[in-house]
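Work through the following exercises with the sequence and the coordinates at hand. Each task is followed by a solution that goes step by step.

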Amino acid sequence: TDIPATPENGRHRFILPDMEPNSQYTVQFKAVACGEGEGLWSRAVTFWTEPLAPNMDSPPRVQQVWRDAALIRWSTPGGLTDAPVLGYVVTIARGRQMEEHLCDLEASPGVFDKAAIVRPARTWKDG
C-alpha cells in the first residue's frame, strides 16, 4: 500500500492510518532509487498505540441528596491493566439543559476517585 509522505527540510513524515488501539507495531524503512534498486533496511522501531478508556461497569448510585447538592458514587471500571483512568466526565441534565464537568484525578488525586458532590449550576433555566 502506498502511503503519501510529506517532505519537510530533508525529512519525511506520514501518518500510518487504520491502526488498532492498544497494539504493538514495528516500522522500518529502506530507500528505493529510480532505476538503481533498493538500499538496506533501517533499524526497526517498535511502539504501542494508545489504549482505549475502559467502559463503566455499572451505573452511578445516588448516596445522599441535600437541598442544593447530591453525593454520587460509582465504581472504578474493571480491567484497568491497559489504560489508567485520569478522570471522569460527569454529565448533569435538568430538563433540556445539560452540563459536563471533568473530575480530574491528576489535578486532585483521590478527590473524585469514587465519589463526587454534584451541585447544579445556578445559571440553569427551566426548559
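## Exercises with worked solutions

**Exercise 1. Determine how many helices and strands the protein chain holds, and how much confidence the predictor assigns to the chain.**

The model is a predicted one, and local features are taken from it at a pLDDT of at least 70. Assigning the secondary structure gives 0 helices and 9 strands in the protein chain, and reading along the sequence gives the pattern β-β-β-β-β-β-β-β-β. Turning to confidence, the mean pLDDT of the protein chain is 75, with 70% of its residues at 70 or more. Over residues 110-114 the pLDDT falls below 50, and this stretch has 13 contacts in the model beyond near neighbours in sequence. Residues 121-127 are likewise below 50 in pLDDT, with 10 contacts beyond near neighbours in sequence.

**Exercise 2. Find what share of the protein chain counts as buried, and what share of its contacts with a separation of 6 or more comes from residues 24 or more positions apart.**

For burial, 15% of the 127 residues of the protein chain count as buried. For the contacts, those with a separation of 6 or more serve as the reference set, and residues 24 or more positions apart account for 39% of that set.

**Exercise 3. Search the whole structure for aromatic pairs and classify what is found by ring geometry.**

The search finds 1 aromatic pair. The ring centres of Y25 and F47 are 6.0 Å apart and the planes make an angle of 25 degrees, so the pair is stacked, the cut-off for stacking being planes under 30 degrees apart. Placing the partners along the chain, Y25 belongs to strand 3 (residues 24-27) and F47 to strand 4 (residues 45-48), and the pair, 22 residues apart, thus links distant parts of the chain. The last step is accessibility: Y25 is partly exposed at a relative accessible area of 23%, and F47 is also partly exposed, at 28%.

**Exercise 4. Decide whether S23 is buried or exposed, and list the backbone oxygens that its side chain reaches.**

Begin with location, which puts S23 in the loop between strand 2 (11-13) and strand 3. The relative accessible area of S23 is 18%, and because the cut-off for buried is under 20%, S23 counts as buried. The side chain of S23 reaches the backbone oxygen of P21 at 3.1 Å, and that of E20 at 3.4 Å. Leaving aside neighbours within four places in sequence, S23 is in contact with F47, W48 and T49; F47 is a member of the stacked pair from Exercise 3.

**Exercise 5. Identify the residues that E50 contacts when its neighbours within four places in sequence are left aside.**

E50 lies in the loop between strand 4 and strand 5 (61-65), and is exposed, with a relative accessible area of 69%. With the sequence neighbours set aside, E50 is in contact with P21 and N22. The C-alpha atoms of E50 and P21 are separated by 5.7 Å, although the two residues are 29 apart along the chain. N22 is in the loop between strand 2 and strand 3.

**Exercise 6. Consider the backbone of D18 and N22: what is the sign of phi in each?**

Most residues other than glycine have a negative phi. D18, which is not a glycine, has a positive phi of about 60 degrees, and N22, also a residue other than glycine, has a positive phi near 50 degrees. D18 lies in the loop between strand 2 and strand 3, where N22 is placed as well. In accessibility, D18 counts as exposed at 75%, whereas N22 counts as partly exposed at 29%.

**Exercise 7. Count the salt bridges and describe the side chains involved.**

The count comes to 1 salt bridge, in which the side chains of E38 and K30 meet at 2.4 Å, N to O. E38 is exposed with a relative accessible area of 52%, while K30 counts as partly exposed at 30% relative accessibility.

**Exercise 8. Describe how strand 5 is joined to strand 6, and how many of the residues of strand 5 are buried.**

Strand 5 and strand 6 (residues 70-73) run antiparallel and are joined by 4 bridges. R61 has R73 in strand 6 as its bridge partner. The connection between strand 5 and strand 6 is a hairpin through 4 residues. Of the 5 residues of strand 5 the number buried is 0, so strand 5 lies largely in the open.

Notes
Residues are numbered from 1 along each chain as its sequence is written. This is a predicted model: local features need pLDDT of at least 70, side-chain atom pairs count only at pLDDT 80 or more; totals for chains, interfaces and linings use all residues. Side-chain values use heavy atoms; hydrogens and water are left out. Rings of Phe, Tyr and Trp (its six-membered ring) pair if their centres lie within 6.5 Å; planes under 30 degrees apart count as stacked, over 60 as edge-to-face and the rest as tilted. Helices (H or I, at least four residues) and strands (E, at least two) are DSSP runs, numbered from the N terminus. Buried means under 20% relative accessible area, exposed over 50%, partly exposed in between (1.4 Å probe, protein chains only). Contact means heavy atoms within 4.5 Å. A polar contact is a pair of N or O atoms within 3.5 Å; within protein, one must be able to donate a hydrogen and the other to accept it, and residues adjacent in sequence count only if both atoms are side-chain atoms. pLDDT is the predictor's confidence in each residue, from 0 to 100. A salt bridge is a side-chain nitrogen of Lys or Arg within 4 Å of a carboxyl oxygen of Asp or Glu. Two strands pair if DSSP finds at least two bridges between them.
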